[in-house]
Amino acid sequence: MIRNKFIFFTIIFFLFNYNLFASESDEVNTQPDDFETSKVEDEIYDPFEPVNRAIFSFNNVADRVVLEPVAKGYKKLPSPIQSGISNFLSNLRAPLVVVNQLLQGQGENAIQSSGRFIINSTVGLLGIFDVAEKIGIEEKEEDFGQTLATWGVGDGFYIVLPLFGPSNIRDTSGMLITMVTDPINAYAVSEGEAWLVPMRTAANAVDQRSKIIDEVNALRDNSVDYYAAVRSSYYQNRKAAIANVDDSELTPLPLISIEFE
Amino acid sequence: MKFFKIFFLSVILFFNTSLFADEASDWLRKEIDIILNAYLNENISNEERFLMIEQTINENFAGTGIAKFIAGNAWTKASKETKKNYIKSFKRHLALNIASMMQGYSDQKYELSSSKIDKNKVILVNMEIFSNTGSVVVTWRLKEAKNRLFVIDLLVADISLVVTKRSEFNSMLKNVDYNLEEFNSILDNQNEESLQKIINQ
């Protein structure tokens with residue numbers, strides 16, 4: 001009797017496993033939540049949407065007219081020059097990355113980032129060459145927005161900043177703290193070279209934009225609501241950065257049912 | 001005896017799940033290459049190229065399931081005919097999005113990392129695309145049905161296409177009081193505009 005049960009169970013297991021019950025597979029198998037108002041949409045608190053949309057339109061024009069063409073031109077530079085500029089700018093951010101890692105209790109990462117900064121600033125000729133990466137010390141980004149989030153500060157409402165783009169109250173506060181505390185900027189100002197600060201910001205914008213030309217264009221050309229698409233992308237990207245998700249397996253994502261017509 | 005039964009069933013379960021995990025990368029590579037090779041073929045028009053890519057995407061993406069998920073609560077209120085039209089328009093929209101994105105990667109080298117299965121039995125395959133100055137990681141989420149694989153989502157730098165589309169569609173659906181029929185005409189207009197951009201580039 002036990003033996004028969006075992007054989008029966010094994011056969012059933014095989015049939016289900018290899019989908020021999022094809023009709024079962026054709027059944028609609030959605031979750032009740034699928035039909036509720038999108039939770040993703042509801043999570044994004046955007047009380048000033050009309051104002052944000054107006055600023056977004058302005059930013060979009062500025063991007064098309066200035067930033068994108070400059071970024072495309074930058075991308076035509078020989079790749080060692082692009083890498084050199086990108087590495088140099090990234091190295092300038094390193095001191096504040098270390099501070100934020102310490103504030104978030106990431107001692108080991110802070111030691112690694114300090115090591116990266118010392119190696120790249122010296123052997124890497126002021127950060128132009130990413131020597132640390134070659135010896136296995138990977139770059140990790142942390143900012144004050146992430147630190148505030150780690151301390152339990154909520155997003156606040158969504159805001160689109162002129163020229164700076166999508167943000168929220170917490171991340172905007174983080175950005176302001178960065179501007180005030182950045183030692184490189186402070187040094188430039190103290191030396192009477194304050195013009196270097198906006199130059200550095202502009203160079204960072206061009207460098208970052210050049211890395212996502214295709215992705216941004218794909219999103220912009222194919223969105224029924226580009227504003228909402230960017231808002232969602234911003235929140236997903238920040239959530240992953242705050243959680244320090246290196247593994248997509250950890251990102252909570254919807255389970256889509258497979259259906260056959 | 002009991003030990004052998006448990007062992008036997010465990011072995012079946014293990015081999016069955018790892019079978020797809022191991023084959024997923026090979027399968028995905030084949031399908032990605034079909035798309036990328038279409039961009040390298042200079043003997044076909046832009047429209048023919050898109051139609052080829054659209055066919056590959058429709059065959060391999062769980063288009064209907066994704067469409068339903070993205071429609072959210074507008075789905076339940078819609079008539080059967082409206083749902084059918086929406087799914088058709090959505091599949092084209094999905095193809096236009098993927099085709100537009102993959103076009104940027106057509107002249108770049110890529111590597112697929114080993115696949116793994118998460119706790120929901122979704123297979124994750126990382127695709128690292130290399131440019132002259134760095135790399136970007138695209139994660140493909142695959143699910144098995146009827147003894148084959150389907151793509152249920154893809155993530156570019158931690159941003160899910162499905163989650164973004166759901167948020168985007170929901171924002172637009174709000175404006176038409178979640179009327180899917182009205183939304184279909186907006187989607188069709190957007191598809192036509194996107195298609196013209198692909199054809200005329």
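Accessible areas are computed by the Shrake-Rupley method with a 1.4 Å probe. The exercises below concern a predicted model, which scores ipTM 0.85 and pTM 0.83.

**Exercise 1. Surface and burial of the two chains**

Task: State what accessible surface chain B has, and set out the corresponding values for chain A.

Solution.
1. For chain B, the accessible surface amounts to about 9500 Å², and carbon and sulfur atoms hold 53% of it.
2. For chain A, the figure is about 14400 Å², with 67% belonging to carbon and sulfur atoms.
3. Burial is assigned under 20% relative accessible area. By this cut-off, 55% of the 201 residues of chain B are buried, and 39% of the 261 residues of chain A are buried.
4. Contacts between residues at least 6 apart in sequence can then be examined for their range. In chain A, 65% of them join residues at least 24 apart; in chain B, 55% of them do so.

**Exercise 2. Elements and confidence**

Task: Determine how many helices and strands chain B has, and identify where in chain B confidence is lowest and where it is highest.

Solution.
1. Chain B contains 7 helices and 6 strands.
2. Read from the N terminus, their order is α-α-α-α-α-β-β-β-β-β-β-α-α.
3. Chain A, for its part, has 13 helices and 2 strands.
4. The mean pLDDT of chain B is 86, and 89% of its residues reach 70 or more.
5. Within chain B, the lowest confidence falls in H1(B), with a mean of 70, and the highest in helix H7 (residues 180-200), with 94.
6. Where pLDDT is low, the predicted coordinates should not be read in detail.

**Exercise 3. Two residues of chain A**

Task: Decide whether A:Leu96 is buried or exposed, do likewise for A:Asn52, and list what each touches beyond four places in sequence.

Solution.
1. A:Leu96 is located in helix H5 of chain A.
2. Its relative accessibility is 9%, so A:Leu96 counts as buried.
3. Leaving aside residues up to four places away in sequence, A:Leu96 touches A:Phe144, A:Thr178, A:Thr181, A:Asp182 and A:Pro183.
4. The C-alpha atom of A:Leu96 is 8.0 Å from that of A:Glu142, although their positions lie 46 residues apart along the chain as a separation.
5. A:Asn52 belongs to helix H4 (residues 49-75) of chain A. Its relative accessibility is 3%, and A:Asn52 therefore counts as buried.
6. With the same exclusion of sequence neighbours, A:Asn52 touches A:Asp46, A:Tyr158, A:Ile159, A:Val160 and A:Tyr227.
7. A:Asn52 and A:Ala240, 188 residues apart in sequence, have C-alpha atoms 23 Å apart.

**Exercise 4. A covered helix in chain B**

Task: Establish how many residues of helix H3 of chain B are buried, and name the elements that cover them.

Solution.
1. Helix H3 of chain B spans residues 63-71, and 9 of its 9 residues are buried.
2. Among these buried residues are B:Gly63, B:Ile66, B:Lys68 and B:Phe69.
3. The cover includes helix H4 (74-77), helix H5 (80-103), strand E5 (148-156), helix H6 (161-175) and H7 of chain B.
4. After H3(B) comes B:Gly72, which has a positive phi, near 60°.

**Exercise 5. The cavities**

Task: Count the cavities of 30 Å³ or more, and describe the linings of the largest and the second largest.

Solution.
1. There are 2 cavities of 30 Å³ or more.
2. The largest holds about 160 Å³ of space. It is lined by 14 residues, and those closest to its centre are A:Ser90, A:Asn91, A:Ala94, A:Arg116 and A:Glu139.
3. Helix H5 (79-103) and helix H6 (107-122) of chain A each give two or more residues to this lining; H5(A) gives the most, with 6 residues.
4. By class, the lining of the largest cavity comprises 3 nonpolar, 5 polar and 6 charged residues.
5. The second largest cavity holds about 60 Å³. Its lining includes B:Leu28, B:Glu31, B:Asn60, B:Phe61 and B:Trp140.
6. Helix H1 (2-40) and helix H2 (46-60) of chain B each give two or more residues to that lining, and H1(B) gives the most, with 4 residues.
7. The lining of the second largest cavity divides into 7 nonpolar, 2 polar and 1 charged.

How values were computed
Residues are numbered from 1 along each chain as its sequence is written. Chains are lettered from A and ligands numbered from 1 in the order in which they are written. This is a predicted model: local features need pLDDT of at least 70, side-chain atom pairs count only at pLDDT 80 or more; totals for chains, interfaces and linings use all residues. Side-chain values use heavy atoms; hydrogens and water are left out. On a 1 Å grid over the protein atoms alone, a cavity is a set of points where a 1.4 Å probe fits but cannot get out, and a pocket is an open set with protein on both sides within 12 Å along at least five of seven lines; lining residues have an atom within 4 Å of a point. Grid points are joined across faces, edges and corners, and a volume is the space filled by probe spheres set on the points. Ala, Val, Leu, Ile, Met, Phe, Trp, Tyr, Cys and Pro count as nonpolar, Asp, Glu, Lys and Arg as charged, and the others, Gly among them, as polar. Buried means under 20% relative accessible area, exposed over 50%, partly exposed in between (1.4 Å probe, protein chains only). Contact means heavy atoms within 4.5 Å. pLDDT is the predictor's confidence in each residue, from 0 to 100.
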